[in-house]
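Got the viewer open and a colour scheme you like? Here is a short tour, stop by stop.

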Amino acid sequence: MSAIKRIFGIVWALMGVGIVPLVIKQAMKEIAAKPSEENWIFWSIVIVVLMPIIAFSLITFGVFALKGEYDTLEDI
Amino acid sequence: MAQHVRDVSPTEEVTSTRRVIAASSVGTLIEWYDFYIFGTLAKIISEQFFPKDNPTAALLATLATFAAGFVIRPFGALFFGRLGDLIGRKYTFLVTLVIMGGSTFAIGLVPGYKTIGFFAPAIVFLLRLLQGLALGGEYGGAATYVAEHSPAGKRGFWTSFIQTTATLGLFLALGVILIVRQTLGVETFGDWGWRIPFILSVFLVAISVFIRMRMSESPLFVKMKKEGKTSANPLAESFKQKDNLKMVLIALLGATAGQGVVWYTGQFYALSFLQNACNIEFVQSNMIISIALLIGTPFFIVFGALSDKIGRKYIMMAGMLIAVIAYRPIYTIMYSDANLKNKVEVVEKKVVSVKNAVKGADSLITTITTKTFTDGTSFKETVKAKFPVDPVLKAALPKDKLKPEIKKEVTLPDNLKYKMIGLVLIQVIFVTMVYGPIAAFLVEIFPTRIRYTSMSLPYHIGNGVFGGLVPLISTRLVEATRPGPGLPPADPLAGLWYPILIAGVSFVIGSLYISNKTNNMDA
């Protein structure tokens, strides 16, 4: 179980890293296509609020998992 | 846990138990009620305070809706959580209640944009921020307070009463709004009647403050304070120490994020879907949600109590998994049952009425078309076309200004209405599975000295940010499937991908990393 937890740690960390360029690229594409106020507000909320939370928490969580910090929380 | 502090008789303990649960739950319920009336009346509030022709006011409207729910709630969690760990749970969640009640009451008294201009949206925006701040501090305090009074084997059961309050608060908000609207009539309600639900809050809060003032401090906090073990800096201890930060992350990613999206989908998205995608008439759609909420609410307690027996994790994870699998089939049935394309019209019952009224320099043509279908469904379409009487002025107006306002209302027959209630109820059951045990889960994974701070932040990020963004992101996903302006979306269910993805990831993380063992919550 510990090995699976650690391997998945890499997945979470990579997801956290990967989400940043993906979201920024999509935002730039959509705003360039239609630079409406609605688009700006939506992508501002996603980039300023949601993305940093997801990226920071997934990367930190992934690194902790990879280092075996969660190995002791065993019950399955 | 009361026995740890002093010896009490069983009768005294039961009375004390009931008092602790009642005092905490009533206050939290009122806070949710206060928070939801703003959201439920968003359209009217927007008309009163945030006119569309003023871009700054329109921007404030968007920020008022989102900022208070998403950005401010976690800040409230940090601010009041820290206070609660430093000075005590009781006084902190008393303060949040007063702030929430005061700002809600004040919103009901703020003059409209027509009277005081830009001050109106600015004041309402600030009051909404105060609401979000107070809500961020309330829940963690109430859950911690109840959990620290409860015995180890009954913590899930006791705290589940706190878990009913968010749903009951929404139910109360919908109920009060419906009653006031029906009593005063739609026009008067839109004019000034909408203020009543806000003003009513002051009486509810006064009662709740009176009850809470008579309560004693949490026994675990009192014990810890006596021993001089309180934290000097709860924020630093919560988020800078690795051992605690890793639990905050697991609580967020493995539990509250998934719980947040399931909660918002089962209640708010369901209502929005009924009203906007299915065009179900206002009163009927609210009735469907209200009845489903009322029937589903006891299950918070059922699953809270069950989590004391079989563990918190299994119930929460089962709720997330079933929700992920069942959302699309449930919404497909809902959409199909309300879709007029699947119904046969009774052509001879079709009624069309046209009214032409001249108001000043404008002409208003209202066309009402009523259709009846063989299964008993009725459909009403109101088209309001407003344009200048002067043909020269009319010709000079841009096309989008001449676009008629169209309102579609579908009223379902009883059998389909009950079916809809059943489909929403299933989603409410998912909500009760993930939300019923979560307060006990959160309080148990953090130590007493920093519990209020540590549990509040993941809870409000999970609910406020991940959950609160469900309407915004889901609407956006549906819009992305629209082939062109004015055309129906190719996939009206596309909005479900956001909660499905978040709940799916949360399920995998929670299943892998969360422990099903119950902690003893020692100070």
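**Stop one: the sheet**

Select residues 362–372 and 378–388 of chain B: these are strands β2 and β3, which run antiparallel and are joined by eleven bridges. Strands here are DSSP runs of E with at least two residues, helices are runs of H or I with at least four, and both are numbered from the N terminus. Before going further, note that this is a predicted model, in which local features need pLDDT of at least 70 and side-chain atom pairs count only at pLDDT 80 or more, while totals for chains, interfaces and linings use all residues. Residues are numbered from 1 along each chain as its sequence is written, and chains are lettered from A and ligands numbered from 1 in the order in which they are written.

Now pick Thr366(B) and look across to β3(B): the residue opposite is Lys384(B). Widen the selection and you get an open sheet of four strands in chain B, ordered β1-β2-β3-β4 with antiparallel pairing (two strands pair if DSSP finds at least two bridges between them). β1 (351–359) and β4 (405–411) of chain B are the edge strands, each with a single partner, so one side of each has no neighbour in the sheet.

**Stop two: Ile315(B)**

Jump to helix α15 of chain B, residues 312–338, and click Ile315(B). Is Ile315(B) buried or exposed? It is buried, because 25 other C-beta atoms lie within 10 Å; the cut-offs are 20 or more for buried, 12 or fewer for exposed, and partly exposed in between, with C-beta atoms placed from the backbone.

Show its contacts next (C-beta atoms, placed from the backbone, within 7 Å). Beyond neighbours within four places in sequence, Ile315(B) touches Phe303(B), Leu306(B), Ser307(B), Met433(B) and Pro437(B). For a distance label, try Ala292(B): 23 residues apart along the chain, its C-alpha atom and that of Ile315(B) are separated by 21 Å.

**Stop three: zoom out on chain B**

With all of chain B in view, there are 21 helices and four strands. Of its 523 residues, 48% count as buried. The C-alpha atoms fill a box of roughly 85 × 50 × 45 Å along the principal axes.

**Last stop: where the chains meet**

Bring chain A back: 17 of its residues are in contact with 18 residues of chain B. On the chain A side, α1 (2–33) and α2 (37–66) each supply at least two residues. The largest share, ten residues, comes from α2(A).

Definitions and conventions: Two residues are in contact if their C-beta atoms, placed from the backbone, lie within 7 Å.
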